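Work through the exercises below with the sequence and the structure side by side, and try each task before you read its solution.

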Amino acid sequence: PIGWGLIGASNVARQWIVDAIHAQPDSQIRNVLSSSEERGARFATENGIPAHTTDIDTILTDANVDAVYISTANQFHCSQALAAARAGKHVLCEKPVALSVDDARKMIAACRDAGVVLGVNHHLRCNAMHQKLRQMLEAGEIGRLNAVRVFHANFLPQALQGWRINDPNGGGLILDSTIHDIDTLRFLIGRNPTHVMAMTQSGRLAHDGVEDGIMVVMRFPGDVLVQIHGSYTVPYSEGGVAFYGSDGVLIGRDCMSQRAAGRLFMRNAGGEREIPVHHHNLYHYALAAFSNAVRGTGQPAATGEDGLAALAIALAIRESALTGRQVEVEIP
Ligand code: NDP
């Protein structure tokens, strides 16, 4: 059996992860940590969790807890992951894995030294449409890749208009949403960008200089140009991707969300046709991969190294937006 401790009585845990853990064979949630006694109690009752605590050590010293899922606000991920690794617990951490590349490196080293698995919940690579798209790109179905566009603009629901738009330390669109686009691009293209440039917006929803809109341009190896539009402030838009190759175009529609959704189309000399996709729940897929890794088979869908690379690229994008300069990407 895998016993889980939830670190953070969060929205994402309630909406997606509790169900995804329960969907795994022989997995139980033993405890949930909240900084608020009252919120923890409510979360435990509403989600059928037998215990709640305000003290992380209660979870980390419990021999029945094998793994923790960290979904606190971003600035807590590193210290909580380090403590969990030192206590010998496997760590599934929400993105961004940390707020600095140094912290992400420490987390990877701590989990490696403790012999525990570190996974980062970049869920979009678990979408069956993206997985099909990756297979088709690898098989050379559209020839030599020329350019990519990513559309990931939406309107941030009222319930989420908290730290995302008012915390200059852990908030902002780049580390919340653009980092998912980056992970998805790394997954689909199989490489890291070499250079990035970006401009951001602020002030439609976010304040205190926190960005709520972005346009990014990146160069990937092989002279592939990539563009991202991301936003918290655009209602009625549809998330998607378009891959432009020498022999055709692959278009993914409605595929930048948490839902098991997305339709894939290929357009070439033969016209346009839809590619069938057999969808699965993204979070069930992520939890299955992580649970298998805990049991010694395979890797998490996104590893600590994937989380670190996505973070390093996201921070390069932020640096470009702040300085107005092109930034060379360095991934330690
Ligand atoms: P929440 O705001 O729901 O949770 C973050 C923390 O905020 C919780 O740990 C909780 O603290 C605290 N909190 C929750 N409700 C309240 C409240 N009413 N008043 C004060 N504090 C409260 O954030 P999300 O669930 O949206 O995000 C959590 C993490 O998950 C982030 O790192 C985010 O980037 C990531 N995320 C990932 C997604 C994915 O699909 N991969 C999707 C959404 C988020 P406490 O634990 O102390 O109770």
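**Exercise 1.** Find how strand S7 and strand S11 pair, and over how many bridges.

*Solution.* Strand S7 covers residues 145-153 and strand S11 covers residues 240-245, and the two pair in the antiparallel sense over 6 bridges; strands are DSSP runs of E with at least two residues, helices are runs of H or I with at least four, and both are numbered from the N terminus. Two strands pair if DSSP finds at least two bridges between them. As one example, phenylalanine 151 has glycine 240 in S11 as its bridge partner.

This is a predicted model, in which local features need pLDDT (the predictor's confidence in each residue, from 0 to 100) of at least 70, side-chain atom pairs count only at pLDDT 80 or more, and totals for chains, interfaces and linings use all residues. Residues are numbered from 1 along each chain as its sequence is written, and side-chain values use heavy atoms, with hydrogens and water left out.

**Exercise 2.** Place these strands in their sheet, and explain why one side of S14 and of S15 is left without a neighbour there.

*Solution.* The open sheet has 9 strands with mixed pairing, in the order S14-S13-S12-S11-S7-S10-S9-S8-S15. Strand S14 (271-275) and strand S15 (327-328) stand at the edges and each has a single partner strand, so one side of each lacks a neighbour in the sheet.

**Exercise 3.** Find which strands helix H6 touches.

*Solution.* Helix H6 (residues 128-138) packs on the sheet and touches S11, strand S12 (249-253), strand S13 (263-268) and S14, where contact means heavy atoms within 4.5 Å.

Conventions: Axes are lines fitted to C-alpha atoms, for helices over the stretch in contact, and angles run from 0 to 180 degrees between N-to-C directions.
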